[in-house]
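Thank you all for making the time this morning. I would like to walk you through one structure, and I will try to say what each term means as we come to it.

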Amino acid sequence: MTLIRNGVNQQHSGWAFFLLGKVMDSQKTTTHTTCPYCGVGCGVSVRGGGSQRRPIIDATSDHPANQGRLCSKGSQLSATLEDRPRLLTPMVNHQPVTWDSALDSVTEAIRDCVDNYGPNSVAFYLSGQLLTEDYYVANKLMKGFIGSANVDTNSRLCMSSAVAAYKRAFGSDSVPTCYEDVELTDLLVVVGSNMAWTHPVLYQRIEAARVKRPELKVVVIDPRATATASQADMHLALKPGTDGYLFTGLLTYLHEQGLADDEFIANHTKGFREALKQARYSVVEVAQLCQLPEHQVRDFYERFITENSVVSLYSMGINQSNSGTDKCNAIINAHLASGKIGKPGSGPFSITGQPNAMGGREVGGLANMLAAHMDFSDEHCSRVGAFWEATNMARQPGLKALDMIDAIEQGKIRFIWIMGTNPALSLPDSQRVKKALSQCNTVVVSDCIANTETTALANILLPATTWGEKNGTVTNSERRISRQRPFRTAPGEAKHDWWAICEIAKRLGHQSAFSYSHPSTIFDEHARLTAYDNNGQRDLDLSGLVGLTQQAYDELTPIQWPVNAEHPNGCSRLFTDHQFFTPDRKANFVPVSPKLPELSGENEPLVLNTGRSRDQWHTRTRTGLASKLNSHERWPTIYLNPDDATTLSVTSGQLVILENQRARAFGFAEVDSAQLHGSVFLSMHWHDQVASRSGCNALTDFISDPHSGQPQFKQTRVSCKPATMAWWRIRLSQLPELSDDRDYHWIIPIKNGVVTIEAWQKKRPVMNEGNLEDDNHQRFQTAWVEPEKQKNAYWLDQSVTAIVIESRELNLAELNQLILSYEQSTSPARISGELIASDGHELGRRICTCFETHEADIDAFLADHPSAQMDELTRSLKCGSHCGSCRPELRQRIRASEHKSFADSLAAK
Ligand SMILES: Nc1nc2c(c(=O)[nH]1)N[C@H]1C(S)=C(S)[C@@H](COP(=O)(O)OP(=O)(O)OC[C@H]3O[C@@H](n4cnc5c(=O)[nH]c(N)nc54)[C@H](O)[C@@H]3O)O[C@H]1N2
Ligand SMILES: Nc1nc2c(c(=O)[nH]1)N[C@H]1C(S)=C(S)[C@@H](COP(=O)(O)OP(=O)(O)OC[C@H]3O[C@@H](n4cnc5c(=O)[nH]c(N)nc54)[C@H](O)[C@@H]3O)O[C@H]1N2
Ligand code: SF4
Ligand SMILES: [Mo]
């Protein structure tokens, strides 16, 4: 590949050969670790990968969570191991400094705040992506020694409603179910989760279970017809935010049909009558409120009641709401009333998003929790204080994430240490958050990446180690603790987060409490605290893991808590004895009065729904580095219902603006019947670094659940209108290059470089073909296009470092074709031929990341083979035959092709 001069192309085909040769040598050095992405918690095995090479990363065949599977993100982990974007040295006020000096600065800032403004002027904002050991020491330092409980985490944005609801119902933050339950159940109700994309390996386990047990039925409740919904036996596309009515109505229905489990209710629960009395909705009322057909509501209720076992698996569509906690309790109420809990294949299951959201909960990472599943009662504070030998034990809950921002604005918090999260993008109302952080006296950010929206706001930057370098434990959605083990050395001066926290603690004078020699000693202390004075009173009990030697810790195999005398090998399912963790051991029904979302803005007719796309992870600091993962959604896409698109005169591929009183966000419209009338969807993965003004959180608001403080990310009012640009420029090169005067841009990392797209609202002067000089005075040849022709590209020679194409309009199909030609080309001559020959043939979205198969390839195959099923398709085109993440989308296309040939055959008759 000579197209990019000076280019280092590590995915070159010759490179792959080299790696294959090396595999044999490195068989012996396999490291078994855990995937750093979602809460499924898959085991991955890493072979090879010295400083020069990328390791081979596969699924661990015997890890109980994934049993040999990995999704598209997990499969591409190797491509994300890049040192280039890393934060390599500590920085104070933008100057590189030594660790010593940076740690002194942090210590001084904390001391200054505590002395002058009290402990509550200090805050830590952590992440469900830290390891349990990092989390444990941060929480201990703040709550036991600094003397404030201002430790919150991005898990506030993620599962705090689920936590609050479990505590209200069970007296403890206990996830009762396990992955096996979703395979064993007769009815899986997936509520507000697009698990085919967000928990893909668990979803694949369900798909496999459905093949073996066709009686396993799946109901999906989501306003969008997602990839998950498309595979379901029944999809309830309810009005956004109305799930509380649906599940409260289920309780009423259960009771009215005389089908509640009276014995279970009488013996093991409290508060059934009150819950029933609080809100009674008939099927007719529910259907109206949720805008669902009455028969569908009834059918769902009947299935829930008549099936022997039901798992309700819920996620952000429930939690991220102004009444998320109540919605979770409405779901739990239905399980309690039908006795569908604590038995194989039954129970409520809040699936966690981040790899260690659960570990964070265990050590008390949330401001309203203490540690080891204790809270701020006097008894718990004293117990934890005694165990820690705390010098300044916090006695009150601290501030939750949004309240922390409020407190910064009011000058009450003057120091914040942000670790492993990017709040400038992921909190609602980004402009407000950025402004607050920029006004805060001291912002310390520990991150492994140098340039994020949040690191840009820091006074002090601490370079952190990350996946592949870190050593510790994570807990997945089903309470399973797995080891993350290091397999590469940290670049530059990156250090472990636990180490940095302990160094600060020691500088603050707490040497003996923070002198850990290894993460295993932190884990041991955490395990001892869970066991301390427990006597069966608390769900989280790791007494069986107390006293592990470093070797035993290193060799720890995945295990589900509790691990104690009763369950020495761990415990997959809780509450099988119907004993809960309330004082009288009975579960609580929580009376729920459903609420609609809080929607301000009279003039904005649409409701913005936000969430995840299949191949990206949050703010892209990791997935953005793997070119293949950037191909599934190549541009910021705003999905619109066809009727709304007609009303707004918007067509697919057009640049549009979403707007409300807070901000504007740009994206390309995709007219999509999967969206409900009145709803638009924009994923959370777009932001200024990859696409100017496309961040959805510029639009979302500081509205949150009163119990959990979790923001209402899923419903925000917006308007939508077409945006016009006069001039577009596409540039394929090795590094992105942006013009200062652009009005819009976005950047797509591709296989051998990067595509930068820029646009100007006013027409640019036409530039002629010619040789220009770039910043390094290297000659590069440009390929300018006659504006009248609007397409066509140019030709290049061996010394070319960029291809530039300009035109009045941007055609996304052509852009797609261009990228494909570029990625597949082996010689400049071929590229030039293909670019010029580009006929705008619509490739559509790239569906299969592993084998780079596009919609058009799949549809063409299905048109030629109308009776082809998945097996034939995957055999012939290979798509879907590796990680399997695209199989739901393939199945959607097979079904669409079947419908089409059926319609064609009717028409022919
Ligand atoms: N690919 C990928 N996977 C991920 C992540 C990622 O960034 N990328 N992040 C991980 C993390 S941290 C998390 S928290 C999980 C989140 O996993 P999910 O919760 O599955 O993901 P989301 O896309 O945020 O939202 C889920 C669904 O909620 C629906 N929804 C919106 N409003 C409503 C409503 O009112 N009612 C109902 N019933 N549904 C509604 C949305 O349409 C969406 O399909 O994903 C994890 N996995
Ligand atoms: N609109 C909208 N907003 C949302 C959501 C939504 O659905 N809609 N979902 C919310 C949810 S559920 C979540 S979980 C959040 C996620 O939002 P964030 O947590 O802000 O997103 P990430 O990109 O995962 O940020 C992780 C950061 O940690 C860094 N990092 C990685 N490993 C390490 C490490 O070991 N140590 C340190 N110190 N740093 C590390 C990464 O480089 C990155 O900068 O977003 C929330 N925001
Ligand atoms: S499902 Fe995918 S992202 Fe989640 S843990 Fe497994 S491999 Fe990683
Ligand atoms: Mo999350």
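I will begin with how the model was treated, then take one helix, the aromatic pairs, and finally one threonine.

What you see is a predicted model, in which local features need pLDDT of at least 70 and side-chain atom pairs count only at pLDDT 80 or more, while totals for chains, interfaces and linings use all residues. Residues are numbered from 1 along each chain as its sequence is written, chains are lettered from A and ligands numbered from 1 in the order in which they are written, and side-chain values use heavy atoms, with hydrogens and water left out.

Let me start with helix α16, residues 324–337, where helices (H or I, at least four residues) and strands (E, at least two) are DSSP runs numbered from the N terminus. At 1.5 Å a residue, its 14 residues should span 20 Å, and the end C-alpha atoms are indeed 20 Å apart; the expected span here is 1.5 Å times one less than the number of residues. Of those 14 residues, 14 are buried, so α16 is largely enclosed by the rest of the structure, buried meaning under 20% relative accessible area, exposed over 50%, and partly exposed in between, with a 1.4 Å probe and protein chains only. Just after α16, G339 takes a positive phi of about 65°.

Turning to the rings, a search of the whole structure finds 28 aromatic pairs, a pair being rings of Phe, Tyr and Trp (its six-membered ring) whose centres lie within 6.5 Å, with planes under 30 degrees apart counted as stacked, over 60 as edge-to-face and the rest as tilted. One of them joins Y37 and W617, tilted, at 5.5 Å centre to centre and 50° between the planes. This pair links distant parts of the chain, 580 residues apart, with Y37 in the loop between β1 and β2 and W617 in the loop between β21 and β22. Y37 is buried at a relative accessible area of 1%, and W617 is buried at 11%.

A second pair, W635 and W746, is edge-to-face, at 6.4 Å and 80°. Because W635 lies in the loop between β21 and β22 and W746 in strand β28, the pair ties together parts that are 111 residues apart in sequence. Both tryptophans belong to one aromatic cluster, together with F666, F668, W728 and Y744.

Finally, T623 also lies in the loop between β21 and β22, and at 0% relative accessibility T623 counts as buried.
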